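Colleague: Please take a close look at the helices of this model and at the loops that join them. Keep it brisk, and spell out the cut-offs.

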Amino acid sequence: MRKLLQTGAVLAAGGALVYGYLNGSRASTSAFFGRALVAGPETTPATPTVALTYDDGPSPRNTPALLDLLAEHSVRATFFMMGSHIRSHTALARRVVAAGHVIGNHTVTHPNLAHCLPGRVRRELEGCQMLAEDLLGVTPVLFRPPYGARRPDVVRTARRMGLTPVLWNAVAQDWLDIDAAAMLRNVDRGLTANPKVGRASTVLMHDGSQLDRNLPLSRTDTLEVTKRLLQRNKNRFTTPLEWLSNVQN
Ligand SMILES: [Zn+2]
């Protein structure tokens with residue numbers, strides 16, 4: 001069932017509705033570099049709809065605790081995994097799949113695709129797809145370009161492969177040297193602003209790092225932010241996949 005959800009025809013959704021959620025005022029949500037899904041519609045602003053997304057994993061240092069936390073609250077999140085990390089930490093990546101989370105394509109090696117030749121773009125996207133299919137048994141239908149960097153032809157290549165680019169409109173900035181309280185304030189700015197324009201929130205965080213080698217980077221603060229968001233009763237959690245499915249229905 002899960003595989004069906006991820007491989008299904010949701011991408012055929014295509015249509016204008018998805019792209020009606022775009023906000024051209026910031027780079028992460030600008031349509032200028034190629035259209036992408038940012039977040040679904042918000043119909044109940046008092047209860048913000050939130051899609052938690054985690055990039056650059058899986059990471060043996062952070063992902064297990066994150067999975068425990070999400071399971072404790074029965075919340076489904078989206079993990080935009082690097083192919084190289086799927087290869088290095090296959091058992092952990094399988095655990096993420098088995099827990100029912102959505103797996104997205106985040107390339108194999110995390111290059112800035114806006115600076116890559118078309119052949120490299122294709123190899124990065126196809127490589128991550130193949131690793132997810134061969135090692136995890138799922139075919140991602142969501143794609144997040146590293147750094148949010150893209151060009152129209154990158155987006156076209158992704159779409160030809162059945163991948164919908166997914167960006168964000170709330171960001172913890174957990175790559176900066178700031179504490180969990182500051183990260184939460186960053187996220188809250190998005191969670192407060194988005195419903196006012198009729199939009200749900202896609203939160204960008206990281207459970208891994210593209211710099212991970214032998215000793216993966218700690219994401220303790222990210223876990224703390226996640227915990228606080230999960231503990232708030234008023235949030236409703238969803239995934240970009242569900243937004244796409246709803247557009248189709
Ligand atoms: Zn990344």
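Modeller: Helices (H or I, at least four residues) and strands (E, at least two) are DSSP runs, numbered from the N terminus. Lys234 lies between two of these runs, in the loop from H9 to strand S8 (236–238). Residue numbers start from 1 along each chain, as its sequence is written. The model is predicted: local features need pLDDT of at least 70, side-chain atom pairs count only at pLDDT 80 or more, and totals for chains, interfaces and linings use all residues.

Confidence comes next. The average pLDDT (the predictor's confidence in each residue, from 0 to 100) over the chain is 87. A score of at least 70 is reached by 85% of the residues. Residues 1–26 have a pLDDT below 50. Even so, this stretch has 47 contacts in the model beyond near neighbours in sequence. Contact here means C-beta atoms, placed from the backbone, within 7 Å.

The chain holds 10 helices and 8 strands. Of its 249 residues, 47% are buried. Buried means 20 or more other C-beta atoms within 10 Å of a residue's own; exposed means 12 or fewer; partly exposed is in between, with C-beta atoms placed from the backbone. Take the contacts with a separation of 6 or more: 74% of them join residues 24 or more positions apart.

Back to Lys234. It has 9 other C-beta atoms within 10 Å and is exposed. Its C-alpha is 7.1 Å from that of Pro48, although the two are 186 residues apart in sequence.

H9 (residues 220–231) packs with H3 (residues 63–72). Their axes are 10 Å apart, at an angle of about 5 degrees. Axes are lines fitted to C-alpha atoms, for helices over the stretch in contact, and angles run from 0 to 180 degrees between N-to-C directions. H3 and H9 are therefore roughly parallel. The label covers angles under 35 degrees; over 145 is roughly antiparallel, 65 to 115 roughly perpendicular, and the rest oblique. From H3, the residues that meet H9 are Ala65, Leu66 and Leu69. H9 contributes Leu223, Thr226, Lys227 and Leu230. By class, this contact has 5 nonpolar, 1 polar and 1 charged residues. Nonpolar covers Ala, Val, Leu, Ile, Met, Phe, Trp, Tyr, Cys and Pro; charged covers Asp, Glu, Lys and Arg; the others, Gly among them, are polar.

The loop between strand S1 (49–55) and H3 holds Pro58. Gly57 and Pro58 are joined by a cis peptide bond, with omega about 0 degrees. Asp56 sits in the loop between S1 and H3 too. Its phi is near 75 degrees, a positive value in a residue other than glycine. Most residues other than glycine have a negative phi, and most peptide bonds are trans. Asp56 counts as buried, with 27 C-beta neighbours inside 10 Å.

H3 is also among the elements that meet the next helix. In H5 (residues 90–98), Ala93, Val96 and Val97 are buried. Seen down the axis of H5, these residues fall within an arc of 100 degrees, so they line one face. The arc is that of the directions from the helix axis to the C-beta atoms. The packing partners of the buried residues are H3, strand S2 (78–81), helix H4 (83–88), strand S3 (102–105) and H6. Ala91 and Ala98 are exposed, on the face of H5 turned away from its buried side. Gly100 follows H5, with a positive phi near 95 degrees.

H6 carries Gly127. This glycine is partly exposed, with 17 other C-beta atoms within 10 Å. Leaving out residues up to four places away in sequence, Gly127 touches Gly83 and Val108.

H6 (118–136) also helps to cover H7, as do strand S4 (142–143) and strand S5 (164–165). Val154, Val155, Thr157 and Ala158 are the residues buried in H7 (residues 152–160). Their arc, seen down the axis of H7, is within 160 degrees, so they line one face of the helix. Turned away from the buried side are the exposed Pro152, Asp153 and Arg160.

Two backbone points flank H7. Before it, in the loop from S4, comes Tyr147. Tyr147 has a phi near 65 degrees, positive in a residue other than glycine. With 15 C-beta neighbours inside 10 Å, Tyr147 counts as partly exposed. Just after H7, Gly162 takes a positive phi of about 85 degrees.

Conventions:
Two residues are in contact if their C-beta atoms, placed from the backbone, lie within 7 Å.
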